[in-house]
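Biologist: I am new to this structure, and I would like to hear how each term applied to it is earned. Could we go through the terms one by one?

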Amino acid sequence: MAGEWLTATANTNMFTYEIAAVFILMEQVTLKKMRDIIGFSKGDSILGPGGSISNLYACLCARHKMYPSYKQKGLMGLGQLVIYTSEHSHYSMKGAGMVMGFGTDHVIEVKTDARGRMIPEELEKCILADKAKGFKPFFVCCTAGTTVFGAFDPIEPCADICKKYGLWLHVDAAWGGGVLLSRKHRTKMNGVERADSVTWNPHKLMGTPLQCSTVHFREDGLLMSCNQLSADYLFQQDKHYDVNYDTGDKVIQCGRHNDIFKLWLMWRSKGDKGYERHIDHLFEMTEYMLKKLKEKKDRFHLILEEPECTNVSFWYIPKRLRNVPHTPEKEKILGELTAKLKGRMMNAGTLMIGYQPQGDIPNFFRSIISNAAVQEYDIDFMLEELERLGHDL
């Protein structure tokens with residue numbers, strides 16, 4: 001919070017070194033550290049206004065790398081481009097297809113397994129089917145921490161497929177990227193070093209105040225080559241300092257908010273070991289919540305017994321349904337009651353738990369632990385309050 005307040009006080013734009021010198025240096029150092037953690041020995045990075053824009057930057061750079069003439073000549077003669085992502089991925093992938101001009105119909109949602117992870121064999125089938133139509137597959141997005149289930153797509157086999165067919169591999173770790181800070185949990189993202197680009201939002205698992213989203217590239221210079229427009233009233237090349245520190249021409253937005261100071265300050269405060277404890281604590285609290293839900297299995301029904309991230313999905317079962325066999329009809333009723341219970345908790349003002357359907361599964365609660373201040377007694381209160389508010393539904 002101190003970093004956020006000081007940032008607002010400084011009110012500095014991040015497009016050139018001369019305007020934001022110390023913050024540009026903080027950005028360079030912090031983003032390099034994140035690339036090192038990912039496994040990119042060189043490369044480049046930038047902070048963007050949210051994970052959706054970070055994912056868009058990855059798509060733009062992938063297209064520029066594969067079809068560099070597009071920047072000047074546009075879509076003419078380029079053919080139908082196609083990108084692939086899991087059916088549980090973030091909607092920003094559809095947004096990229098819409099914004100970039102090849103259409104949402106050509107953002108192919110690949111089937112997932114029972115845990116919500118993209119199935120590599122299905123990905124390869126989709127690529128081959130589109131190639132047979134004369135389309136141009138060029139981009140695959142693996143999600144590391146899906147929005148609802150918190151699933152981690154298998155990066156290694158997807159990387160093999162991308163290598164086989166010459167496709168760009170992006171890892172959308174906006175939600176799950178924080179696991180890279182934990183020796184215990186970073187295995188969930190095995191193979192991330194093989195990606196061409198990675199989105200990682202410190203404002204999620206790492207707890208940095210909104211907004212703080214980063215995107216990282218294996219290849220240095222690609223961001224600049226893709227987005228540079230060389231406006232000579234801002235980005236003069238004959239300045240007395242190294243103009244590589246002028247970052248504004250790497251992005252499509254020009255003006256950039258100073259999102260780095262708060263992250264730099266947090267990391268300096270916690271250190272690597274402190275951040276590892278931070279991430280491990282979130283997963284420990286998740287394990288505690290799962291344990292308590294399983295102890296009360298007559299009152300709560302888990303959608304996934306062993307989620308991969310800190311997303312815990314469940315139904316609350318009121319008294320009248322506790323001895324009723326679990327059937328699709330019962331699930332439909334539980335879905336309706338979930339929305340009613342959410343209304344009660346909002347009116348009471350004691351809880352705020354999100355709910356949603358997923359595929360054929362009716363509405364269920366999705367409790368996410370991303371606040372390092374959460375302790376076991378908070379989880380106990382949450383479950384007790386759900387029972388208090390919903391027992392007579």
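Modeller: This is a predicted model, and a good place to begin is helix H9, which lies across E8, E9 and E11 and runs at about 20° to E9.

Biologist: What else packs on the sheet, and what angle does its direction make with that of E11?

Modeller: Helix H10, residues 328–348, packs on the sheet as well, where it touches E9, E10 and E11, and its direction makes about 45° with that of E11.

Biologist: How do you know that strand E9 and strand E11 are paired?

Modeller: Two strands count as paired if there are at least two bridges between them. Strand E9 (residues 311–316) and strand E11 (residues 361–368) are joined by 4 bridges and run antiparallel, so by that cut-off they are a pair. Within this pairing, serine 313 stands opposite arginine 366 in E11.

Biologist: What makes E8 and E10 the edge strands of that sheet?

Modeller: The open sheet has 4 strands in the order E8-E9-E11-E10, with antiparallel pairing. Strand E8 (300–302) and strand E10 (354–358) each pair on one side only, and that makes them the edge strands. Neighbouring strands in this sheet are turned by 45° against each other on average, with direction ignored.

Biologist: Why are E1 and E3 said to stand at the edges of the sheet of 7 strands?

Modeller: That open sheet runs in the order E1-E7-E6-E5-E4-E2-E3, with mixed pairing. E1 and strand E3 (107–110) each have a single partner strand, so one side of each is left without a neighbour in the sheet. Here the neighbouring strands are turned by 20° against each other on average, direction ignored.

Biologist: How do you know that E1 pairs with E7?

Modeller: The requirement is at least two bridges, and 5 bridges join E1 to E7, which run antiparallel. Leucine 47 stands opposite threonine 214 in E7.

Biologist: Why is glycine 43 called buried?

Modeller: Buried means under 20% relative accessible area, and glycine 43 is at 9%, so the residue counts as buried. Glycine 43 is found in the loop between H2 and strand E1 (44–48). Leaving out residues up to four places away in sequence, glycine 43 touches Arg35, Phe217, Arg218, Glu219 and Asp220. Glycine 43 and leucine 222 are 179 residues apart in sequence, yet 8.6 Å apart in space, C-alpha to C-alpha.

Biologist: Is asparagine 11 buried or exposed, and how do you know?

Modeller: A residue is called exposed when its relative accessible area is over 50%, and asparagine 11 has 68%, so asparagine 11 counts as exposed. Asparagine 11 sits in the loop between helix H1 (2–10) and helix H2 (21–38), and its phi is near 50°, a positive value in a residue other than glycine.

Biologist: Then what makes cysteine 254 partly exposed?

Modeller: Partly exposed covers the range between the 20% and 50% limits, and cysteine 254 has a relative accessible area of 32%, so the residue falls in that range. Cysteine 254 belongs to the loop between helix H8 (222–227) and H9, and has a positive phi of about 65° although it is not a glycine.

Biologist: Which residues have the most contacts inside the largest nonpolar core?

Modeller: That core has 87 residues, and those with the most contacts inside it are Tyr84, Leu123, Val171, Met189, Phe314 and Leu386. The largest share, 14 residues, comes from helix H9 (residues 260–295). Another core, of 28 residues, lies apart from it, and includes Leu78, Phe138, Val215 and Leu223.

Biologist: What does leucine 123 contact beyond its neighbours in sequence?

Modeller: With neighbours within four places set aside, leucine 123 is in contact with Tyr84, Val110, Met118, Val140, Cys158 and Ile161.

Biologist: Which residues are closest to the centre of the largest pocket, and which element gives the most to its lining?

Modeller: The largest pocket has a volume of about 700 Å³. Of its 36 lining residues, the closest to the centre are Trp175, Arg366, Ile368, Ile369 and Ser370. The elements that give two or more residues to the lining are helix H3 (51–66), H9, E11 and helix H11 (376–390), and H11 gives the most, with 4 residues.

How values were computed:
Residues are numbered from 1 along each chain as its sequence is written. This is a predicted model: local features need pLDDT of at least 70, side-chain atom pairs count only at pLDDT 80 or more; totals for chains, interfaces and linings use all residues. Side-chain values use heavy atoms; hydrogens and water are left out. A nonpolar core is a set of buried Ala, Val, Leu, Ile, Met, Phe, Trp, Tyr and Cys residues joined through side-chain atoms within 4.5 Å. Buried means under 20% relative accessible area, exposed over 50%, partly exposed in between (1.4 Å probe, protein chains only). Contact means heavy atoms within 4.5 Å. Axes are lines fitted to C-alpha atoms, for helices over the stretch in contact, and angles run from 0 to 180 degrees between N-to-C directions. On a 1 Å grid over the protein atoms alone, a cavity is a set of points where a 1.4 Å probe fits but cannot get out, and a pocket is an open set with protein on both sides within 12 Å along at least five of seven lines; lining residues have an atom within 4 Å of a point. Grid points are joined across faces, edges and corners, and a volume is the space filled by probe spheres set on the points.
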